Amino acid sequence: MIKKLLFNIFLFYSIAVVANDSIPSNALKTCLFQHSSIDGVNYSSIDISAVITDSHYSTAGEVRYVDYKGTIVGYGSSRSGMAFYKDSESYPLSKSKIIEVGLLIKTIPKEIDYSISEWGYIKLNNKTFICVNVPFSGVGESGKHQDIRNVFVYNTKGNDIYYTVGDVKNKV
C-alpha cells in the first residue's frame with residue numbers, strides 16, 4: 001500500500017515537472033511565430049512605435065520603453081549589461097536560459113537592435129511572459145538568413161528569462 005502511494009506521488013510529481021518544463025518552450029515557440037496554435041496560449045502584440053527614451057530610468061544608463069496596459073516594458077542598460085525591463089525589474093540578456101526549440105545556439109547576444117524588434121505579451125497556463133522577437137542583424141537581414149530570429153521571453157512574475165533561435169518558415 002505504501003509503495004503504491006509513493007509510486008503515485010512520484011508519478012504525479014514527474015508529470016508536473018515535465019508539464020512545467022514545456023511552459024518556457026511553448027512561450028518561445030509562440031513568440032517565434034508571433035501567434036499561438038497551442039490551446040490555452042494567448043498572444044497579443046505590443047506596439048513599440050511610441051517609445052519613450054529615458055536616460056534617468058536606470059542608474060546604469062538609458063532605457064527605451066512603452067506603457068503596455070499600465071505596465072512599463074522596455075530595453076536598455078543595467079548593471080549586468082543590456083537588459084529587458086518590466087516596470088523597475090531588469091532582466092539581463094546575459095542571464096538568459098537557453099532552450100533549443102529549433103536551431104543550434106552557440107551564444108546569447110549581448111545586445112539587440114530595439115528598432116527592428118517585435119514585442120508581444122503571452123499568457124500561458126496562468127503565467128504571463130513578455131516576448132521579444134528580433135531578426136538577425138547584418139547577414140540576417142537578407143538572403144537565406146532573413147527568417148532566422150533571436151527570441152527572448154521573460155516571465156513577468158519571476159526573474160526567469162529564456163532564449164532561443166528559430167526559423168519562422170520551419171514550424172517546430
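## Trp 119 and its partner Phe 84

In this predicted model, Trp 119 counts as buried, since its relative accessibility of 2% falls under the 20% limit used for that class. Phe 84 is likewise buried, with a relative accessible area of 0%.

Tyr 75 and Tyr 114 also belong to the set of aromatic pairs, and the two pairs are best described in turn. By the ring-centre rule the count comes to eleven aromatic pairs. One of these is formed by Tyr 75 and Tyr 114, whose rings are stacked, with 6.4 Å from centre to centre and 15° between the planes. This pair links distant parts of the chain, as Tyr 75 sits in strand 4 (residues 71-78) while Tyr 114 sits in the loop between strand 7 (97-98) and strand 8 (118-124), 39 residues apart. Both tyrosines, Tyr 75 and Tyr 114, are buried.

Phe 84 and Trp 119 form an aromatic pair of the edge-to-face kind, at 5.6 Å centre to centre and with 80° between the planes. Because Phe 84 lies in strand 5 (residues 81-86) and Trp 119 in strand 8, the pair ties together parts that are 35 residues apart in sequence.

## Aromatic cluster and nonpolar cores

One aromatic cluster takes in the residues of both pairs, being made up of Tyr 75, Phe 84, Tyr 91, Tyr 114, Trp 119, Phe 152, Tyr 154 and Tyr 163.

The largest nonpolar core has 22 residues, and Phe 84, Trp 119 and Tyr 154 are those with the most contacts inside it. Two or more residues of this core come from each of strand 3 (61-68), strand 4, strand 9 (127-135), strand 10 and strand 11 (161-167). A second core, separate from the largest one, has 15 residues, among them Cys 31, Leu 32, Ile 122 and Cys 131. In soluble globular proteins, nonpolar side chains tend to be buried together.

## Arg 149, a buried charge

Arg 149 belongs to strand 10 (residues 148-155). Although Arg 149 is buried, it has no salt bridge, and the nearest side chain of opposite charge, that of Asp 147, is 4.8 Å away; a salt bridge would require a nitrogen-to-carboxyl-oxygen distance within 4 Å.

The side chain of Arg 149 does, however, make a polar contact of 3.4 Å with the side chain of Asn 133. When residues up to four places away in sequence are left out, Arg 149 touches Leu 32, Asn 133, Val 134, Pro 135, Phe 136, Thr 164, Val 165, Gly 166 and Val 168. Leu 32, one of these neighbours, is also included in the second nonpolar core.

Methods:
Residues numbered from 1 in each chain as written. Predicted model: local features only at pLDDT ≥ 70, side-chain atom pairs only at ≥ 80, totals over all residues. Heavy atoms only, no water. Helix = DSSP H or I, 4+ residues; strand = E, 2+ residues; numbered from the N terminus. Buried < 20%, exposed > 50% of the residue type's maximum accessible area, 1.4 Å probe, protein only. Lys, Arg positive; Asp, Glu negative; His and termini not counted. Polar contact = N/O pair within 3.5 Å; in protein donor to acceptor, adjacent residues only side chain to side chain. Contact = heavy atoms within 4.5 Å. Phe/Tyr/Trp six-rings, centres within 6.5 Å; stacked < 30°, edge-to-face > 60°. Core = buried A, V, L, I, M, F, W, Y, C linked by side-chain atoms within 4.5 Å.
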